[in-house]
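Subject: Structure handover

Hello,

Here is the structure we discussed, followed by notes on what was found in it. Please read the notes with the coordinates open.

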Amino acid sequence: MGKHCPRWTSGARRPLLSWALIALLSFVAAGPVVLAEAIVFHVANRCPFPVWPASAPNTGHPVLAGGGFLVPPGKSRRVVAPATWNGRFWARTGCNFTANGGTGAAACLTGDCEGRLACNGSVGTPPATLVEVSLHADPSKGSSYDVSLVDGYNLPVAVSAKPATGNKCAIAGCAKDVNAVCPPELQVTAATGGGAKAATVVACKSACLAFGLDAFCCRGAYATPAACRGSVYSRLFKDACPAYYSYAYDTTAATATGWGDEEPDGGRAGAALM
Ligand SMILES: *[C@@H]1O[C@H](CO)[C@@H](O)[C@H](O)[C@H]1NC(C)=O
Ligand SMILES: *[C@@H]1O[C@H](CO)[C@@H](O)[C@H](O)[C@H]1NC(C)=O
C-alpha cells in the first residue's frame with residue numbers, strides 16, 4: 001500500500017521536493033523554499049565518501065544539471081527542474097573520470113554512464129538504487145515519486161518533500177545495508193580501498209537483472225501483479241528497505257503523491273517500470 005500525502009491546495013507556490021543520499025539510519029535535512037514554476041531538488045550526500053549523483057529525464061523532458069556531478073561527503077547540491085519534470089535520479093560510487101582516458105570505458109564502480117561525469121541524459125548501468133520522479137504542473141494530476149530496487153541496489157536513499165506534513169511524504173532509507181546481506185549470486189564486487197586485496201560488495205543486483213527470468217522480471221506469463229508475486233530475492237530487498245520497490249509489481253512500496261489525489265492501493269506499481 002502506498003503512503004499518500006494530503007492534497008496540496010495552495011496557489012502559486014509549489015512544495016519543495018528534496019532527496020538525499022544518507023548513511024544508514026541518519027536522516028534528511030530540510031532545504032529552503034521554491035519558486036512558482038520550478039521544483040528544486042536538494043541532493044545531499046550523508047555518506048562518509050564522495051558520490052556522483054546523476055539524473056536522466058524521461059523522453060521529452062530536459063537534462064538537469066548536465067546529468068551528473070560530484071557531491072563530497074556532508075555536502076549538497078541544488079538541482080532546479082521544471083514543475084512538470086519526469087525522470088530518475090541515482091548516485092554513482094567509486095568514480096575516477098581521468099583513468100579511462102576518454103575512451104568511454106566505465107569510470108565508476110556503480111551507476112556508471114559511459115564513463116562521463118556529466119551523463120547528459122544517459123541512464124546509469126544497473127544495479128543502482130533509483131529515485132523515480134513524476135511531476136505535473138497541475139496538482140490534481142497527482143505528482144509522485146518512489147525509490148526502486150527493481151534493477152538492484154547500490155546505496156541507501158531517503159526522500160522527503162517540503163513543506164512536509166508530518167512524515168507522510170517521506171520515503172525512508174534502509175534498515176539494513178543491502179550490500180552486506182547480498183547473496184553471492186547477486187553481488188557486484190570490486191577491489192576498493194588502499195591496498196586491500198579483498199573484494200568489497202559495491203552493489204547488489206535484483207534477481208531480474210542477475211538471472212533475466214520472466215518470473216523475476218514480471219514479463220511474459222508473469223506480466224501481471226497476480227502472477228508476479230516476488231521471490232526469496234525480492235523479499236531480501238524488502239526486508240532491508242521496506243519503503244522501496246523490491247520488484248516490478250511490489251504493491252507494498254511507498255509512493256509519495258505529494259500534489260494530487262490519492263490513488264487506489266497498488267495503482268502505482270507501474271511507476272517502478274519508468
Ligand atoms: C584516477 O586515475 C588516474 C589514472 O589512472 C590516477 O593517476 C589517479 O590517481 C586516480 N585518482 C584517484 C583519486 O584515484
Ligand atoms: C548532450 O546531448 C545532446 C542531445 O543528445 C547533444 O546534442 C549534446 O551534444 C550532448 N552534449 C555533450 C557535452 O555531450
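**Notes on the model**

Arg77 counts as partly exposed, because 15 C-beta neighbours lie inside 10 Å, and a residue needs 20 or more to be buried. Please keep in mind that this is a predicted model. Arg77 belongs to strand β4, which covers residues 76–82. Not counting residues up to four places away in sequence, Arg77 touches Val43, Phe69 and Val71. Arg77 and Pro53 lie 24 residues apart in sequence, and their C-alpha atoms are 9.6 Å apart in space.

**Overall figures**

The protein has 274 residues, and 47% of them count as buried. Its secondary structure comes to 4 helices and 12 strands. Among contacts with a separation of 6 or more, 63% are between residues 24 or more positions apart.

**The five-stranded sheet**

Strands of a sheet pair through backbone hydrogen bonds, and the pairing may be parallel or antiparallel. In this model, 5 strands make an open sheet with antiparallel pairing, in the order β3-β5-β6-β7-β12. The edges are β3 (52–57) and β12 (255–256); each has a single partner strand, so one side of each is left without a neighbour in the sheet.

At the β3 edge, 6 bridges join β3 to strand β5 (residues 86–92) in the antiparallel sense. One of the residues involved is Pro57, whose bridge partner in β5 is Gly87.

Pro57 also appears among the contacts of Trp85. Trp85 sits in the loop between β4 and β5. Is Trp85 buried or exposed? Trp85 is buried, because 24 other C-beta atoms lie within 10 Å. Leaving aside neighbours within four places in sequence, its contacts are Ile39, Pro57, His61, Val133 and Leu135. Leu135 is 50 residues from Trp85 along the chain, yet the two C-alpha atoms are separated by 5.3 Å.

**The three-stranded sheet**

A further open sheet has 3 strands in the order β8-β11-β10, again with antiparallel pairing. Its edge strands are β8 and β10, each of which pairs on one side only.

How many bridges join β8 to β11? There are 2 bridges between strand β8 (residues 152–153) and strand β11 (residues 199–205). In terms of residues, Gly152 is opposite Lys205, and Tyr153 has Cys204 as its bridge partner. On the other side, strand β10 (residues 187–191) pairs with β11 over 5 bridges, also antiparallel. There, Val188 stands opposite Ala203.

**The nonpolar core**

In soluble globular proteins, nonpolar side chains tend to be buried together. The largest nonpolar core in this model has 67 residues. Which residues have the most contacts inside it? They are Val131, Val147, Val159, Ile171, Val178, Cys241 and Ala243.

Cys241 can serve as an entry point for inspection. Apart from its neighbours within four places in sequence, Cys241 is in contact with Leu149, Pro156, Cys174 and Val178. Val178 is itself one of the residues with the most contacts inside the core.

**Backbone points to check**

Most residues other than glycine have a negative phi, and most peptide bonds are trans. Three places in the model depart from this.

- The peptide bond from Pro126 to Pro127 is cis, with omega near 0°. Pro127 lies in the loop between β5 and β6 (130–134).
- Asn120 has a positive phi of about 55°, although it is not a glycine. Asn120 is likewise found in the loop between β5 and β6. With 14 C-beta neighbours inside 10 Å, Asn120 counts as partly exposed.
- Ala65 has a positive phi of about 50°, and Ala65 is not a glycine either. Ala65 is found in the loop between β3 and β4. Ala65 is partly exposed, because 18 other C-beta atoms lie within 10 Å, and 20 or more are needed for a residue to be buried.

Regards

How values were computed
Residues are numbered from 1 along each chain as its sequence is written. Chains are lettered from A and ligands numbered from 1 in the order in which they are written. This is a predicted model: local features need pLDDT of at least 70, side-chain atom pairs count only at pLDDT 80 or more; totals for chains, interfaces and linings use all residues. Two strands pair if DSSP finds at least two bridges between them. A residue is buried if 20 or more other C-beta atoms lie within 10 Å of its own, exposed if 12 or fewer, and partly exposed in between; C-beta atoms are placed from the backbone. Two residues are in contact if their C-beta atoms, placed from the backbone, lie within 7 Å. A nonpolar core is a set of buried Ala, Val, Leu, Ile, Met, Phe, Trp, Tyr and Cys residues joined through C-beta atoms within 7 Å.
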